[in-house]
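Work through these exercises with the sequence and the model side by side. Try each task before reading its solution.

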Amino acid sequence: MLNYFKRYQVGLTLNDLYPALEGICACGCGSKLTKGKKKWFTQECRQEAYIKFAIVKGDTAVIRSQLYALDHGACRCCGEITKDWQADHILPVFEGGAGCDLSNFQTLCKDCHSLKSISYPKQQQSLHMQPQYSQV
Ligand SMILES: [Zn+2]
Ligand SMILES: [Zn+2]
């Protein structure tokens, strides 16, 4: 259902990510559902699931606000705090880093982000070279 090579998970629904479980909270906390509760044990369970769902789906606004709460705009590479910080996929999308939760995101300043972008195309080229080697 998830495409780890696509930045935006078009068509992904909350039910895909959090299907209702028989008698247990759908968020994964393991709490047994008490009377009158159909899917979520608490409102917090529901809220956290919605946030994680938005992040996995690729919702930039949610990703940025959650990442800001974590890093406060400080670059994880050089420590600089800037206004135009970037939300960077730690494992890049072209290597299968999409569709992940906040653990695959980091705050980078513009300079560190562009340095990372410069160093990555080389690796992409080496990936393209692999088929040639296997043909020999
Ligand atoms: Zn829960
Ligand atoms: Zn930096």
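The exercises below go from the overall layout to single residues, and the model they use is predicted.

**Exercise 1. Lay out the chain.**
Count the helices and strands of the protein chain, and give their order.

Solution.
Step 1. Count the elements: the protein chain has 4 helices and 2 strands.
Step 2. Read from the N terminus: the order is α-α-α-β-β-α.
Step 3. Turn to burial. Of the 136 residues in the protein chain, 18% are buried.
Step 4. Look at the contacts with a separation of 6 or more. Residues 24 or more positions apart account for 51% of them.

**Exercise 2. Pair the strands.**
Find how β1 and β2 run relative to each other, parallel or antiparallel. Then sort the residues of β2 by the way they point.

Solution.
Step 1. Locate β1 at residues 86-89 and β2 at residues 105-108.
Step 2. Follow their directions: the two strands run antiparallel, joined by 4 bridges.
Step 3. Pick one facing pair. His89 stands opposite Phe105 in β2.
Step 4. Recall the general pattern: in a regular strand the side chains alternate between the two faces of the sheet.
Step 5. Apply the pattern to β2. Phe105 and Thr107 point one way, while Gln106 and Leu108 point the other. All four of these residues are buried.

**Exercise 3. Cross two helices.**
Describe how α2 and α3 meet: what is the angle between their axes, and which residues touch?

Solution.
Step 1. Mark α2 at residues 43-57 and α3 at residues 60-71.
Step 2. Compare the axes. They come within 8 Å and cross at roughly 115°.
Step 3. Give the hand: α2 passes α3 in a left-handed crossing.
Step 4. List the residues. From α2 come Ile51, Ala54 and Ile55; they meet Val62, Ile63 and Gln66 of α3.
Step 5. Sort these by type: 5 are nonpolar, 1 is polar and none is charged.

**Exercise 4. Find the cores.**
Name the residues of the largest nonpolar core, and say which element gives the most to it.

Solution.
Step 1. Start from a general tendency: in soluble globular proteins, nonpolar side chains tend to be buried together.
Step 2. Collect the members. The largest nonpolar core has 12 residues: Tyr18, Cys25, Ala26, Cys27, Trp40, Ala49, Phe53, Ile55, Val56, Ile63, Leu67 and Phe105.
Step 3. Assign them to elements. Those giving two or more residues are α2 and α3, and α2 gives the most, with 4.
Step 4. Look for a separate core. Another one, of 5 residues, lies apart; among its members are Cys75, Leu108, Cys109 and Cys112.
Step 5. Go back to Cys25 in the largest core. Beyond four places in sequence, Cys25 is in contact with Ser31, Leu33, Trp40, Phe41 and Cys45.

**Exercise 5. Buried or exposed?**
Classify Ile63, Leu12, Lys39 and His72 as buried, partly exposed or exposed.

Solution.
Step 1. Take Ile63, found in helix α3. Ile63 counts as buried because 20 C-beta neighbours lie inside 10 Å. Leaving aside neighbours within four places in sequence, Ile63 is in contact with Ile55, Ala87 and Phe105. Its C-alpha atom is 8.7 Å from that of Ile51, 12 residues apart in sequence.
Step 2. Take Leu12, in the segment before α1 (14-17). Leu12 has 18 C-beta neighbours inside 10 Å, so it counts as partly exposed. Beyond four places in sequence, the contacts of Leu12 are Met1, Leu17 and Lys57. The C-alpha atoms of Leu12 and Met1 are 7.5 Å apart.
Step 3. Take Lys39, in the loop between α1 and α2. Lys39 is partly exposed, with 18 other C-beta atoms within 10 Å. Not counting residues up to four places away, Lys39 touches Ala20 and Ala26. From Lys39 to Cys27 the C-alpha distance is 8.5 Å.
Step 4. Take His72, in the loop between α3 and β1. His72 is exposed because just 10 other C-beta atoms lie within 10 Å, and the cut-off for exposed is 12 or fewer.

**Exercise 6. Check a backbone angle.**
What is the phi of His72?

Solution.
Step 1. Recall the usual case: most residues other than glycine have a negative phi.
Step 2. Read the angle. The phi of His72 is positive, about 55°, although His72 is not a glycine.

Conventions: Residues numbered from 1 in each chain as written. Chains lettered and ligands numbered in written order. Predicted model: local features only at pLDDT ≥ 70, side-chain atom pairs only at ≥ 80, totals over all residues. Contact = placed C-beta atoms within 7 Å. Pairing = 2+ DSSP bridges. Axes fitted to C-alpha atoms, helices over the stretch in contact; angles between N-to-C directions. Left-handed = near helix turned anticlockwise from the far one by under 90°. Nonpolar A, V, L, I, M, F, W, Y, C, P; charged D, E, K, R; others polar. Core = buried A, V, L, I, M, F, W, Y, C linked by C-beta atoms within 7 Å.
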